[in-house]
Amino acid sequence: MTHRRNVQLFLLLSPATLFLGVFFLMPLGIIAVYSLLTPGLYGGVEWTFYHWNYGRIFGWADGMMELFDPVYLRILGRSLLLAAFTVFVCLVVCYPVAFWIAGLPQRWRMIFLFLIALPFFASLIVRLYAWLLILKPSGFLGTALAALGFAGASVDILYTPAAVVLGMVYIYIPFMFLPLFASVDNLDRALIDASADLGAKPWQTFLKVTLPMTLPGIAGGSVIVFIPAAGNFIVPDVLGGARGLMTGNLIEQQFLSSRNWPFGSALAMVVMAVVFIVLATFAARTRKAGGAG
């Protein structure tokens with residue numbers, strides 16, 4: 001019986017494993033190899049070992065062919081900071097809304113879930129250019145403020161990090177909400193009532209009962225939002241401009257404009273490594289907090 005179950009499990013997992021191996025691990029391996037090769041004179045790579053790609057980022061460049069520039073680390077730090085702030089804003093917005101929708105009747109609950117998923121039915125580029133029309137000085141927001149009597153109000157949000165965060169929050173809110181809602185919907189209300197009956201104050205019930213029980217949803221939503229936000233290049237390109245440059249834009253420039261594939265690969269590997277370390281630390285602390293709760 002156990003052998004038969006193992007065979008069934010192998011057959012079920014084989015397609016997904018093969019897909020990930022071909023379309024994720026192999027390209028990742030190619031990027032890792034390219035990051036250690038010499039840039040070609042007119043693009044592409046030369047098959048000789050070249051560790052200066054990482055030296056340009058971390059400071060051991062040779063000073064002749066390759067120069068260390070701290071701007072790359074600053075852009076990486078800004079990307080991680082904007083991604084973390086996006087996670088925070090999405091969590092603050094979605095957490096109370098998840099409790100409110102979970103308390104609605106089933107019919108209304110399905111309607112609001114549909115409305116939250118509705119933006120997926122429109123093109124991402126179209127939605128971002130709609131925000132461009134809203135945020136520009138002569139756009140909808142500025143016109144609305146002038147109509148309300150704030151004629152002297154200056155709307156200078158576009159092409160700033162604030163616009164980038166706003167755009168990413170708008171895009172990734174459903175990714176945060178759905179894991180949160182699933183966690184809140186499975187919340188054992190009897191434990192909350194028992195905590196109140198035992199004399200716990202509302203904030204004590206939240207910290208000792210509600211928060212630990214919804215922690216898996218918080219962790220899942222945070223991971224799902226943080227990973228694409230850290231490498232996003234479409235939102236900064238449309239709404240951020242030069243002041244909203246993120247690592248994703250830098251990698252895109254190296255591959256498409258500068259045609260320096262090895263350096264672009266090195267930047268991609270650094271981003272992946274940093275994201276992996278951050279997520280592993282977050283997962284470990286979340287697991288520890290959940291066990292303590």
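The following legends describe an overall view and several close-up views of a predicted protein model.

Conventions. Residues are numbered from 1 along each chain as its sequence is written, and side-chain values use heavy atoms, with hydrogens and water left out. Because the model is predicted, local features need pLDDT of at least 70 and side-chain atom pairs count only at pLDDT 80 or more, whereas totals for chains, interfaces and linings use all residues.

**Figure 1. Overall view of the protein, with twelve helices and two strands.** Helices (H or I, at least four residues) and strands (E, at least two) are DSSP runs, numbered from the N terminus. Along the sequence their order is α-β-β-α-α-α-α-α-α-α-α-α-α-α. A box of roughly 75 × 70 × 35 Å, taken along the principal axes, holds the C-alpha atoms. Of the 293 residues, 37% are buried; buried means under 20% relative accessible area, exposed over 50%, and partly exposed in between (1.4 Å probe, protein chains only). Contact means heavy atoms within 4.5 Å. Among contacts between residues at least 6 apart in sequence, 65% join residues at least 24 apart.

**Figure 2. Surface and charge of the protein.** About 17300 Å² is exposed, and carbon and sulfur atoms supply 73% of this area. Accessible areas come from the Shrake-Rupley method with a 1.4 Å probe; for residues, only the protein chains shown count as cover. The protein has 17 positive and 11 negative side chains, the centres of the two sets lying 8 Å apart. Lys and Arg count as positive and Asp and Glu as negative, while His and the chain ends are not counted. Each charge is placed at NZ of Lys, CZ of Arg, CG of Asp or CD of Glu.

**Figure 3. Close-up of helices α8 (residues 189-197) and α9 (residues 202-230).** The two axes come within 10 Å and cross at roughly 170°. The helices α8 and α9 are therefore roughly antiparallel to each other; angles under 35 degrees count as roughly parallel, over 145 as roughly antiparallel, 65 to 115 as roughly perpendicular and the rest as oblique. Axes are lines fitted to C-alpha atoms, for helices over the stretch in contact, and angles run from 0 to 180 degrees between N-to-C directions. Leu-191, Ile-192, Ser-195 and Ala-196 in α8 meet Thr-205, Val-209, Thr-210 and Met-213 in α9.

**Figure 4. Close-up of Leu-28 in helix α1 (residues 2-34).** Leu-28 counts as partly exposed because its relative accessibility is 24%. Leaving aside residues up to four places away in sequence, Leu-28 touches Met-269 and Met-272. Leu-28 and Leu-91 are separated by 63 residues in sequence and by 31 Å in space, C-alpha to C-alpha.

**Figure 5. Close-up of Arg-78 in helix α3 (residues 71-102).** With a relative accessibility of 29%, Arg-78 counts as partly exposed. Arg-78 touches Arg-243 and Leu-245, not counting residues up to four places away in sequence. From Arg-78 to Ala-196 the separation is 118 residues in sequence and 43 Å in space, C-alpha to C-alpha.

**Figure 6. Close-up of two loop residues, Tyr-159 and Arg-259.** Tyr-159 belongs to the loop between α6 (140-147) and α7 (161-185). Although Tyr-159 is not a glycine, its phi is positive, at about 65°. Tyr-159 counts as partly exposed, at 39% relative accessibility. Arg-259 is in the loop between α11 (247-256) and α12 (261-292). The phi of Arg-259, a residue other than glycine, is a positive value near 55°. At 41% relative accessibility, Arg-259 counts as partly exposed.
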